[in-house]
Amino acid sequence: MTCFWQAIASTLTSKEKRMLGIRSGRPKEIVFQLKKVNEKIKVEHVLWNGSELSAQELREHSTAIREYDATGIYNGHLCGTCDSFLVLLCFALNWHVRHNYRGHTITYQRKRTAVPPRQVRFASNSGHFYCG
């Protein structure tokens, strides 16, 4: 089950794929490229549900991505309520993410941005993640 990665792939624009170094859009490639991006940039000033994530929380997200085992992605991605990869994508691509989890909206956005963010919507339940 790679529904998380498939939803990310189908949401990325051609320009965003180029920015991230993604060519094929296959799940494993997306994970590896996001791990590379994670090592190159310092994520800061991200709001999660309207509250700014602390420096410690951002370090923990960076560590989670760095240590993420991409060999197991076909068994599914355990998307957290504050998901490390969504935090990274929010910052790296200036996304304003609205994630509906079983009727509860979870938001991610940059605190400061010179250009308006791109609105991105996802939805999920206990077993599936999709665009929506």
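## Helix α3 and its packing

Contact here means that heavy atoms lie within 4.5 Å of each other. In this predicted model, the buried residues of helix α3 pack in that sense against four helices: α1 (3–11), α2 (14–20), α4 (55–66) and α5 (84–93). The buried residues in question are P27, E29, I30, V31, Q33, L34, K35, V37 and N38.

The length of α3 can be checked against its residue count. The helix covers residues 27–40. With 14 residues at 1.5 Å a residue, α3 should span 20 Å, and its end C-alpha atoms are indeed 20 Å apart, so the two values agree.

## Q33 within helix α3

Among the buried residues of α3 is Q33, whose relative accessible area is 14%. Because buried means under 20% relative accessible area, Q33 falls in that class at 14%.

Leaving out residues up to four places away in sequence, Q33 touches L20, G21 and I22. With G21 there is also a polar approach: a polar atom of the Q33 side chain lies 3.2 Å from the backbone oxygen of G21.

## H61 in helix α4

Helix α4, one of the helices against which the buried residues of α3 pack, contains H61. The relative accessibility of H61 is 12%, so this residue counts as buried. When neighbours within four places in sequence are set aside, H61 is in contact with L53, C82, D83, S84 and V87.

## Strand pairing around β4

Strand β4 (residues 104–110) pairs with strand β1 (residues 46–48) in the antiparallel sense, over three bridges. Within this pairing, W48 stands opposite Y108 of β4.

Strand β4 also pairs with strand β3 (residues 95–101), again in the antiparallel sense, over five bridges. Here R98 has T107 in β4 as its bridge partner. The hairpin of β3 and β4 has two residues between the strands, and R102 in this hairpin takes a positive phi near 50 degrees.

## Aromatic pairs

Seven aromatic pairs are present in the structure. One of them joins W5 and Y68 in an edge-to-face arrangement, with 6.0 Å from centre to centre and 65 degrees between the planes. This pair links distant parts of the chain, since W5 belongs to helix α1 and Y68 to the loop between α4 and α5, 63 residues apart. W5 and Y68 are both buried.

A further pair is formed by W95 and F122, whose ring centres are 6.3 Å apart and whose planes stand at 50 degrees, so the pair is tilted. Because W95 lies in strand β3 and F122 in strand β5 (residues 118–124), the pair ties together parts that are 27 residues apart in sequence. W95 is buried, with a relative accessible area of 0%, and F122 likewise counts as buried at 0% relative accessibility.

## Aromatic cluster and a charge over a ring

Ring pairs connect F4, W5, Y68, F85, W95, F122 and F129 into a cluster. The W5–Y68 pair and the W95–F122 pair therefore both involve members of this cluster.

A charged side chain also meets an aromatic ring in this model: R110 lies over the face of F91, at 4.3 Å from the ring centre. By residue number, R110 falls in strand β4 (residues 104–110), and F91 falls in helix α5 (84–93).

Notes: Residues are numbered from 1 along each chain as its sequence is written. This is a predicted model: local features need pLDDT of at least 70, side-chain atom pairs count only at pLDDT 80 or more; totals for chains, interfaces and linings use all residues. Side-chain values use heavy atoms; hydrogens and water are left out. Buried means under 20% relative accessible area, exposed over 50%, partly exposed in between (1.4 Å probe, protein chains only). A polar contact is a pair of N or O atoms within 3.5 Å; within protein, one must be able to donate a hydrogen and the other to accept it, and residues adjacent in sequence count only if both atoms are side-chain atoms. The expected span of a helix is 1.5 Å times one less than its number of residues. Two strands pair if DSSP finds at least two bridges between them. Rings of Phe, Tyr and Trp (its six-membered ring) pair if their centres lie within 6.5 Å; planes under 30 degrees apart count as stacked, over 60 as edge-to-face and the rest as tilted. A charge sits over a ring if NZ of Lys or CZ of Arg is within 6 Å of the ring centre and within 35 degrees of the ring normal.
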